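I opened this notebook to keep a plain record of what I looked up, entry by entry, for someone who has not met this structure before.

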Amino acid sequence: MFHLYGIEKRGISLSAIESLADACIVEKRIYLLFPSDLRITVFAQQARAIELVEALRSQQWMADIGSIAIVGAGASGITCAAALKVAGLRDELSVTIFEGLDQVLPLQSGALDKFLAPHLIDWPDKASVNPRAELPLLSWRKGVAGNVAADLVKQFNRYGITVKTGSKVSEVREEGASVAVTVGAGPGAKKEWFDLVILAAGFGLEAETLGIEKPRSYWRAHPQQGPALQGEAPRSILISGLGDGGLIDFVLFALPGVSHEAVCEHISSSPDVEKMMREIEELEEKIWQVPSTVNDIAQAYAALEIDHLARVFSASLIRGVEFTLLTREARLFHKGTAPLNRLAATAVMRAMELDKARGTTCQTILSANHKFDSPDGSTYLEHGIEKCKKFDIVVTRHGDTSAETWTFNNPAIDGKVKALRDKRRAITTRPRTPLLSPSTVASVDARMFAMLPTRIRLSRGGNQIVWKSDLHLDEIGRLWRAPTAPIQIEITFPPSGEASKLDLALCRLLIHAEPQAGLAGQHADAWINLMNCVPAVAGDRTRAATKRAGVVTPDRVEEADDEDIFAAKLESSLDAGLLSLIEDRMGELADQPARCPIPLHADIRTKVLTGWNVWRRDIDALTSDHRRWVLSLFGGMLDGYGQPDRWSSVRIGPRCIDDELLPAIIFHLVMQALLSGFSVPAKRPNGNVLHARAPGTNDNAAHFCGTRFFRSVAGEAKSIGTWEKRWPGDQFVPSCLILPAREAECLPDRSFIDQQSSSRMMAPPGGRTPVIVGSQSLKQALATGLSEATSEFEKAFREALPEVN
């Protein structure tokens, strides 16, 4: 299960084997990264590039590859190159990019009126609101295309990859054991030889149309920027080609002065957006049914209740313009276009109907037989209904030229491009964004952080904490995927001396950063001294951070927040990173059962993994304070009143996963699975959630406590130590806390219920708090089978609580 932004993300899980097979042109020599998705996005190109490199990395023969050429410095090309650099194939691997235009990311660079969001194309899927790409390298967040490109280029430059711009590749051909790449044509052409070549096709340039001057790229500045001044407004505008680019052009021409980003924000902030999303989601399912139950998509969208959005748009609607929308399709909207763009175009047309006083109209021409002519500098359209019509502005969006130009004088490449193009056109299933597998994300994350030091500099600016780093603050939890990641940190101010929220959050980051973290600056000793006050984490009192010389100068990200807000954001990011690590570990149980802290039968292990998927969604839904309390509970880091002690959140991190968090979570889930096998007493006693004492010892013992399942946590709880408010659900599930290192001396021979209360927090007035103590016999039963373990558990329960019988 892959979770994105706290929401289970629906998409196409990329397969490494499929990626390799789809991309291969000449065995082990030439590969093609072609946008095979119906809806091409920056994110999709990057995801496929990363998965292709992971597939190549798995091939043993790649260890002999010394040089790789990549043709194309768009999103897929630079992501592929960066992924190759961190793949760890060989230290001396040479990667060179050839780009025909004059810069990296030539289409998106400088494009300040087009909006990019990683998952926007998936709207109305709820996960589409995630502003972050969450890629393991060259990740980005929503913004205008030019700013996104600038951020990606800044990240890319850290890899030190050779890029040859202004180098148009004319031929790619295998020659013996190498692949020859020819740059230029004629007498001045130059050849270079490589062990492997990857052709990274992207969006491409606009296809030209007979009778129309060279079309303006979708990514270039929109000709109608800002409200038209008197006498400047065009009287007639033709949009030819109604794919996503054509629909966006129509909306921006109709709403001068409203940016592409603002259009998307108007939709997402509409008071009835939830209703619209539900209705459009239902509509999309019908559209993609085979056979489809929606005959005319435009009519179906026109029937939606979107008057509120239309009135918002009407306030900016251009005056006195006649729009003509021309398409060769049989209907105005075809199903390959994105729902968000269809909705925006429909809302604009509704705005024209609601505000007729503006005198702006729109007509649709469905014509497969038409042509353009420009005899006097103006553009004329001829088609069957109207012989000749003149337009002030004509915009053509007739697709890109990648299929025609990416042949490189090589029939094998030509055939592969055509086959992938035809495959894309033949897609009949609803398009979903391609997703990287969790194992790929974890693997690339770890290698990338190990290769490039992460630089962090913290300073004070008035009442705010200023964060400068190579990572956004809400991404910093990703560092915990890489236990050997070099981290350079400079904190330009000392600790407060009172263990403030900020002090504790920074200590948590530093302590779990492993010895590779280096603290710079004059206050390094003070921070190391504070870290030495933290109780041992998983029996390890070694402090992670060490002093380093010099200053830290990250230049990618700068953010500023008030101190408490900053501390909360940092803690939340670290929690997200920790939960991702726990999820990685849980995912390993299916394929590597030997890694489970206690032997479990396959049936029980399956139930544990199923239960975890439910828990994970519920944990995501908690507030950050609730989430950290649950993690503290799992780690046994609560005091006698069920409150986290002052240092508990500092100790919750990667260092306590294997010895504390993972065993506790698994045993909670085991007990949930066992309890579902028999009836629970109608009167459900509360129980103790703290570590119990083993009989006759002062040591903490493995034990199960009768508690209520945390997924019923009440958001309105006023006190973190209030039992009934905190756990108001009716699903009685014993929890279990275990210390594997001591289990031999702590576990009794048989299970029993200790009805002595040891917790002031958990004891209800006049009630009893049973503790079901784990045993060697139960441990053995868990490895034998579900029915055996359930019987052992039920036996102890029935002996102690006669009302169960």
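**Entry 1, the whole chain.** I began with burial over the whole protein, and found that buried residues make up 56% of its 805 residues. I note early that this is a predicted model, so every entry below should be read as a description of that prediction. Counting secondary structure, I found 24 helices and 34 strands in the protein. I then looked at contacts between residues at least 6 apart in sequence, and among these 77% join residues at least 24 apart.

**Entry 2, a six-stranded sheet.** I traced an open sheet of six strands with mixed pairing, and wrote down its order as β4-β5-β14-β6-β7-β10. The edge strands are β4 (24-26) and β10 (162-164), each of which pairs on one side only. I also looked up the twist, and neighbouring strands of this sheet turn out to be turned by 20° against each other on average, direction ignored.

Within this sheet I followed one pair, strand β6 (residues 67-71) and strand β14 (residues 196-200), which run parallel to each other over four bridges. Which residue of β14 is the bridge partner of A69? I found that V197 takes that place. Turning to what lies across the strands, I noted helix α2 (residues 42-57), which lies across β5 (30-33) and β14 and runs at about 155° to β5.

**Entry 3, a β-α-β unit.** Further along the chain I looked at strand β16 (residues 322-327) and strand β17 (residues 361-366), which pair in the parallel sense over six bridges. In this pairing E322 stands opposite T361 of β17. Taking helix α10 (residues 339-354) together with the two strands, I recorded that β16, α10 and β17 make a right-handed β-α-β unit.

**Entry 4, one face of a helix.** In helix α15 (residues 524-531) I listed the buried residues, which are A524, W527, I528, L530 and M531. Seen down the axis of α15, these buried residues fall within an arc of 160°, so they line one face of the helix.

**Entry 5, two buried positions in helices.** Is D584, in helix α16 (residues 563-591), buried or exposed? Its relative accessible area is 18%, and because buried means under 20%, D584 counts as buried. Leaving out residues up to four places away in sequence, I found that D584 touches A442 and R481.

I then moved to L674, which lies in helix α20 (residues 657-675) and is buried, at 0% relative accessibility. Which residues is L674 in contact with, once its neighbours within four places in sequence are left aside? The list reads L778, L782, L786, A789, T790 and F793. For one of these, T790, I also looked up the separation, and the C-alpha atoms of L674 and T790 are 4.9 Å apart although the two residues are 116 residues apart along the chain.

**Entry 6, the cysteines.** My last search was for disulfides, where such a bond is a covalent one between the sulfur atoms of two cysteines. The count comes to zero disulfides. I also looked up the burial of two cysteines: C80 is buried, with a relative accessible area of 0%, and C264 counts as buried at 9% relative accessibility.

How values were computed. Residues are numbered from 1 along each chain as its sequence is written. This is a predicted model: local features need pLDDT of at least 70, side-chain atom pairs count only at pLDDT 80 or more; totals for chains, interfaces and linings use all residues. Side-chain values use heavy atoms; hydrogens and water are left out. Buried means under 20% relative accessible area, exposed over 50%, partly exposed in between (1.4 Å probe, protein chains only). The arc is that of the directions from the helix axis to the C-beta atoms. Two strands pair if DSSP finds at least two bridges between them. A crossover is right-handed if, with the strands pointing away from the viewer, the path from the first strand over the helix to the second runs clockwise. A disulfide is a pair of cysteine sulfur atoms within 2.5 Å. Axes are lines fitted to C-alpha atoms, for helices over the stretch in contact, and angles run from 0 to 180 degrees between N-to-C directions. Contact means heavy atoms within 4.5 Å.
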